[in-house]
Amino acid sequence: MKRTLWHNLNLCAQGDPRDVVEHATIAVNDGKIAWLGASQDLPHEYAGWSREDLQGAWVTPGLVDCHTHLVYGGQRADEFAQRLAGVSYEAIAKQGGGIVSTVRATRAASEDALFEQSAARLEPLLAEGVTAVEIKSGYGLDLASERKMLRVARRLGERYPVTVRTTFLGAHALPPEFAGRADAYIDEVCERMLPALAEEGLVDAVDVFCERIGFSLAQSERVFEAAAKRRIDVKMHAEQLSNSGGAALAARYGALSADHLEFLDEAGIAAMKEAGTVAVLLPGAYYFIRETQLPPLDLLRRYEVPIAISTDSNPGTSPATSLLLMMNMATTLFRMTVPEVLQGVTRHAARAFGDARNHGTLAAGRPADFAVWSVQSLAELAYWIGRPLCARVVRGGETVYERRDLARRDYA
């Protein structure tokens, strides 16, 4: 049994920079927090434990990236270049591009190849203090390929020091073989794919893209009903391109989160508040597709709906692997405050993630999963662009990542 006192640190245990303890200590016993608080109040019983000096660094809960599509085959950088050159998305799609190209690459990739590609996207997140990440399927769109994606997601959680929760997003888009037969594809999702994948233990939550270019309210509700029969958590891509009423539907089914939400209205917000559904905002996608409709921040604040921030890491609309950059984008693009974005990647993100008991905050009895930051102010986490700020990641009381400063050379 390992007992360690992490001391000489500044502590932000609840993810809120307005609620901090300077000159703090965290006592960790066998991977769990036994005590934390001001060093001067440390109970005598812990005095003899071994010590780790953090030299005045700031400590927060490990960050939570609660909406990602990390597992997929290939990339779409060449399509991005085409769009910049003036080629329309429709023209690219007719050439076999768009989501169809990602589906094709994902289906063709072996599980090992898919793991290696996805690991390269996960590692930068871990180096920024992320200790929990949600990973969606949705680029396979048939049973074998969706299974492969979810198996890779599980492997990432086994091979890396990160908690992974998997989300089945079979209702992401219509696969080519079901063109013009959306209802038949929803039959496939609800009656064949979800039961099989859930039986194999590969599904922690179920998502659906409810949108005019995705699936209708009626089709989305069928997916939620299928999940409810198996007591599986649900979440929804909602109100990204239009106000379809998806957020209210998600709330009616007690969804963990409704995500994107640029076109969310007051009725949807009221329903989310009543249900305790988290609003997940995705500034990377907003930026990348050059959206101009801002999410209704003032209304979300007025109703006190918890707001999370995530990367939405995906090949088509948010090829992002930096949660800190998303914090900066949320402040600059959405005018969110530093306390809002920091809670948006800790305590509120943990609720959207589906495991707020073990992630998002630090308290006695919880896992000792925290990030150590080489900053003088927590505001720097949303301020710097591209600067490495995470000095160390501790998971279960053990250091699993430590940044080594580059060797410096004196020149004559």
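## A contact made by Asp369

In this predicted model, the side chain of Asp369 comes to 2.7 Å from the backbone nitrogen of Gly396. Asp369 sits in the loop that runs between helix α14, residues 347–353, and strand β13, residues 370–373. Its relative accessibility is 8%, and because buried means under 20%, Asp369 counts as buried.

Apart from residues up to four places away in sequence, Asp369 touches Pro61, Gly62, Thr131, His359, Leu362, Val394, Arg395 and Gly396. Gly396 thus appears in this list of contacts and is also the residue whose backbone nitrogen the Asp369 side chain reaches.

## The chain as a whole

The chain has 412 residues, for which a compact globule would have a radius of gyration near 22 Å, and the value for the chain, 22 Å, agrees with that expectation. Along the principal axes, the C-alpha trace spans about 70 × 60 × 40 Å. The secondary structure comes to 14 helices and 15 strands.

Of the 412 residues, 55% count as buried. When contacts with a separation of 6 or more are considered, 69% of them in this chain are accounted for by residues 24 or more positions apart.

## Confidence in the prediction

The average pLDDT of the chain is 95, and 97% of the residues score at least 70. Residues 406–412 are a stretch where pLDDT stays under 50, and for this stretch the model has 0 contacts beyond four places in sequence. Where pLDDT is low, the predicted coordinates should not be read in detail.

## The annotated binding site

An unreviewed UniProt entry carries the annotation "binding site" for His67, His69, His237 and Asp312. These residues are spread over 246 residues of sequence, yet they cluster in space, with a largest C-alpha distance of 12.3 Å.

His69 is placed in the loop between strand β5, residues 63–65, and helix α1, and at 2% relative accessibility His69 counts as buried. The side chain of His69 makes a polar contact of 3.3 Å with the side chain of His67, another residue covered by the annotation. Not counting residues up to four places away in sequence, His69 touches Lys136, Ser137, Tyr139, Leu169, His172, His237, Asp312, Ser313 and Asn314. His237 and Asp312, which are in that list, are covered by the annotation as well.

His237 belongs to strand β9, residues 233–238, and is buried, with a relative accessible area of 4%. Leaving aside neighbours within four places in sequence, the contacts of His237 include His67, His69, Lys136 and Leu169, and also Asp207, Val208, Phe209 and Cys210, together with Asp259 and His260.

## Asp207 beside the annotated residues

Asp207, one of the residues in contact with His237, lies in strand β8, residues 205–208. With a relative accessibility of 0%, Asp207 counts as buried. The side chain of Asp207 is joined to that of Lys136 by a polar contact of 2.8 Å, and it also reaches the backbone nitrogen of Met236 at 3.4 Å.

Beyond its neighbours within four places in sequence, Asp207 is in contact with Lys136, Thr167, Phe168, Leu169, Ala171, Val223, Lys235, Met236 and His237. Lys136 is therefore a contact of Asp207 that is also listed among the contacts of His69 and of His237.

## Packing of helix α3

Helix α3 covers residues 99–108, and its buried residues are Ser101, Thr102, Val103 and Thr106. These buried residues pack against α1, residues 77–84, as well as against α4, residues 111–126, and α5, residues 143–159.

## Cysteines without disulfides

The structure holds 0 disulfides. For Cys190, the closest cysteine sulfur is that of Cys210, and the distance of 13 Å is too far for a bond, because a disulfide needs the two sulfur atoms within 2.5 Å. Cys190 is buried, with a relative accessible area of 9%. Cys210, in turn, is one of the residues in contact with His237.

For Cys390, the closest cysteine sulfur belongs to Cys12 and lies 14 Å away, which is again too far for a bond. Cys390 is buried too, with a relative accessible area of 2%.

Technical notes: Residues are numbered from 1 along each chain as its sequence is written. This is a predicted model: local features need pLDDT of at least 70, side-chain atom pairs count only at pLDDT 80 or more; totals for chains, interfaces and linings use all residues. Side-chain values use heavy atoms; hydrogens and water are left out. Helices (H or I, at least four residues) and strands (E, at least two) are DSSP runs, numbered from the N terminus. Buried means under 20% relative accessible area, exposed over 50%, partly exposed in between (1.4 Å probe, protein chains only). A polar contact is a pair of N or O atoms within 3.5 Å; within protein, one must be able to donate a hydrogen and the other to accept it, and residues adjacent in sequence count only if both atoms are side-chain atoms. Contact means heavy atoms within 4.5 Å. UniProt positions are given in the numbering used here, feature names are shortened, and annotations may be inferred rather than shown by experiment. pLDDT is the predictor's confidence in each residue, from 0 to 100. The radius of gyration is taken over C-alpha atoms; the globule rule is 2.2 Å times the number of residues to the power 0.38.
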